[in-house]
Amino acid sequence: MNDYGFFRVAAAVPVVKVAAPSANAKQCFELVEKAYGQQVQAICFPELSITGYSCGDLFLSRHLIDSAESALEWLLQKTEKMDIIIIVGMPLRISSSLLNGAVVLHRGNIVAAVAKTFLCEESGERHWFADASDIEDGSITLCGRTVPFGHNMVFGDGRRAFSIEIGEDLFAAVSPSSIQSVAGGLVTFNLSAVKSQTGAKCQLADIVRVQSMRCMSGYVMASAGYGESSGDNLYMGCSFIAENGVMLKYSSDWAANDSLIISDIDVDKLNMCRMRSSVFKELKGNGIFYNLNIPDWHAEKPIYPIPENPFITDSLDKTCSEAFSIQVASLVTRMQNICAKKVVLGISGGLDSTLALLVVAKSFDVMGLDRNGIVAVTMPGFGTTDRTYNNALELMKCLGTDVREISIANACLAHFSDIGHNPEIKDVVFENSQARERTQILMDLANKENALVIGTGDMSELALGWCTYNGDQMSMYGVNAGVPKTMVRRIVEYLAETEDFAAVKSYLIDVVATPVSPELLPADNDGNINQKTENLVGPYELHDFFIYHLLKNGFAPQKVLYLAKYAFSEQYNEDTISKWLKLFLRRFFSQQFKRSSMPDGPQVFAVSLSPRNGWRFPSDVSSAEWLADL
């Protein structure tokens with residue numbers, strides 16, 4: 001089975017009995033069984049989970065250390081037929097030193113032992129344990145076996161690799177996980193014991209999330225909880241699973257029972273992030289890489305968030321507000337830098353031109369310019385419907401622009417006559433000549449008015465090449481070029497509810513409800529739009545999903561199809577998704593020449609198609625290998 005680049009991990013917090021290793025091993029085994037039943041590949045337990053964290057001076061008892069090894073031996077035997085990696089915490093004895101350690105188990109074998117580097121002064125750990133950095137890496141005798149030992153070890157099979165740090169290691173200025181990540185570790189497991197204090201859980205969650213972002217890694221933490229001594233402290237019993245700055249799973253607040261959280265971590269995505277990062281290209285880690293066959297990923301469906309719209313990374317309103325602010329700030333900067341006081345743009349009554357008009361209107365307000373300097377032009381043609389025509393006029397009037405109306409019909413008919421084209425033939429010549437005529441009008445008006453032509457085309461149209469070369473593909477500044485179609489719709493919806501555009505709310509709502517169309521073919525017998533874009537090239541919500549995962553994450557088409565199957569399970573079947581994905585790939589590869597000559601425009605979201613600082617791509621590349629993946 002294809003593992004699609006996922007690594008299924010778990011953080012487990014058992015109910016411990018302080019200084020009772022055999023009972024604690026049994027609790028760990030029960031959680032291992034649960035995790036194994038859910039196809040978990042690696043499970044992490046809290047700090048000193050075999051003995052309990054709060055044993056105090058009992059750590060110096062030989063009987064406790066011997067009992068811990070016996071309990072570990074029992075756990076090894078119970079799990080020898082389970083293909084799951086188990087990471088437990090226990091005291092490690094090396095000569096006359098005692099270390100706060102973690103032991104990696106797999107199929108009845110001890111893979112290696114790792115020790116804590118930075119001991120917790122507040123908990124008095126130095127009273128019982130030695131600092132791991134004082135002990136040379138090498139080997140340790142454990143349960144009668146000689147096993148590898150170190151404090152900066154990375155385990156993996158080349159594609160998936162993990163490392164371990166313990167408790168306060170995370171809080172060091174240069175933590176072991178930072179060193180291990182540069183050395184190749186993609187996921188860090190932290191065995192911890194965190195004291196409960198007000199606000200501590202939120203703070204710890206932020207630290208875990210930020211460390212996963214700094215290391216471009218997954219981060220799994222399990223912290224000691226119920227059953228630990230409550231003499232002067234209560235232990236939090238929390239657990240977290242984060243991936244590159246995003247919290248995937250976390251446990252509920254303290255409870256009087258065990259807990260188990262499970263999530264997949266996308267190591268393909270992490271590898272792609274690192275490949276693009278100059279940090280990981282320039283740094284070299286000094287960790288020890290230990291070859292370990294990671295168990296196969298057998299799950300049918302990932303335990304992983306797969307949003308329909310991955311461009312929404314925060315609340316919808318916050319995402320829309322920030323995106324609109326970027327568009328406005330970019331246009332203001334461009335106009336101020338070139339000393340422009342006027343702009344020209346075409347208004348069709350569709351989504352893209354409406355958003356562009358709102359961006360321009362807000363930009364003029366920010367600069368303190370009269371909106372009459374916005375030369376807004378509606379250019380009805382052969383396919384213009386009353387609905388879009390009226391919306392265009394009302395938007396221009398209500399926003400206080402310089403309203404112009406220039407029909408393109410006669411100019412196009414004259415052009416058809418000049419080139420010998422029959423206007424009854426509604427082909428690409430019939431359609432594209434209209435787009436080019438509109439662009440010529442805008443460019444010439446800009447010369448006449450000493451103004452800047454604002455492009456309205458969006459990222460999704462550029463990705464598909466759903467624009468006319470040297471027509472609507474061209475402008476002097478494209479304010480929507482960094483915004484996918486689904487987000488154009490969301491931003492207009494958002495702006496309709498704001499005070500700035502309350503006067504045009506009803507028109508914005510109707511624009512959002514209007515089918516997307518270039519309106520280059522005549523309307524139907526009832527005067528409605530006859531050329532609906534999504535019937536021809538497919539749903540934009542799918543294409544925007546494809547754009548994000550193919551370009552931002554670098555996923556193979558097969559993985560994109562797999563993810564889309566679950567993200568859109570209620571809307572489309574797999575065959576339908578596959579059909580539109582193939583169309584997307586064909587068009588995306590073949591239409592690069594339009595993007596190679598696209599005008600400037602701000603990057604708004606995580607993906608940019610700009611040939612200058614976004615997507616650098618040859619215009620004659622073949623899509624054959626990508627299509628063959630489906």
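## Strand pairing, helix packing and buried polar residues

Strand β11 (residues 218-223) pairs with β12 in the antiparallel sense, over five bridges. The model in which this pairing is found is a predicted one. Within the pair, M221 is the residue that stands opposite F240 in β12. On its other pairing, β12 runs antiparallel to strand β13 (residues 246-250) over four bridges, and here I241 stands opposite K249 in β13. The connection between β12 and β13 is a hairpin with two residues between the strands, and N244 in this turn has a positive phi of about 45°.

Strand β12 (residues 239-243) is mostly covered, five of its five residues being buried. The burial concerns both faces of β12, with S239, I241 and E243 on one side and F240 and A242 on the other.

The strand pairings described in this report are set out below.

| Strands | Sense | Bridges | Residues opposite each other |
|---|---|---|---|
| β11 and β12 | antiparallel | five | M221 and F240 |
| β12 and β13 | antiparallel | four | I241 and K249 |
| β16 and β19 | parallel | two | V344 and V453 |

A further sheet is open and consists of five strands in the order β18-β17-β16-β19-β20, with parallel pairing. Its edges are formed by β18 (402-405) and β20 (477-478), each of which has a single partner strand, so one side of each is left without a neighbour in the sheet. Inside this order, strand β16 (residues 343-346) and strand β19 (residues 452-455) pair in the parallel sense over two bridges, and V344 has V453 of β19 as its bridge partner. Helix α8 (residues 351-367) packs on the sheet, where it touches β16, β17 (374-378) and β19, and its direction makes about 160° with that of β16. Helix α11 (residues 428-449) also packs on the sheet, touching β16, β17, β18 and β19, with a direction that likewise makes about 160° with that of β16.

Helix α2 (residues 62-78) contains 17 residues and reaches 25 Å from its first C-alpha to its last, which is close to the 24 Å expected at 1.5 Å a residue. Its buried residues are L64, I65, A68, E69, A71, L72, L75 and L76. These residues lie on the same side of α2, because they cover an arc of only 160° around the axis. The elements that cover them include α1 (21-37), β3 (85-94), β4 (97-106), β5 (109-115), β6 (138-142) and β7 (145-150). On the face turned away from this buried side, α2 carries the exposed residues R62 and H63. The N-terminal end of α2 is capped by S61, a side-chain oxygen of which lies 3.2 Å from the backbone nitrogen of H63.

Two individual helix residues complete the account. Q211 belongs to helix α4 (residues 200-214) and counts as buried because its relative accessible area is 5%, below the 20% cut-off. Its side chain is joined to that of S177 by a polar contact of 2.7 Å. With neighbours within four places in sequence left aside, Q211 is in contact with L170, S175, S177, S178, S217 and Y219.

H549 lies in helix α16 (residues 540-552) and is likewise buried, at 7% relative accessibility. Not counting residues up to four places away in sequence, H549 touches P310, G554, F555, V560 and L563. The C-alpha atom of H549 is separated by 9.9 Å from that of L561, a residue 12 places apart from H549 along the chain.

Technical notes
Residues numbered from 1 in each chain as written. Predicted model: local features only at pLDDT ≥ 70, side-chain atom pairs only at ≥ 80, totals over all residues. Heavy atoms only, no water. Buried < 20%, exposed > 50% of the residue type's maximum accessible area, 1.4 Å probe, protein only. Contact = heavy atoms within 4.5 Å. Expected span 1.5 Å × (residues − 1). Arc of directions from axis to C-beta. Polar contact = N/O pair within 3.5 Å; in protein donor to acceptor, adjacent residues only side chain to side chain. Pairing = 2+ DSSP bridges. Axes fitted to C-alpha atoms, helices over the stretch in contact; angles between N-to-C directions.
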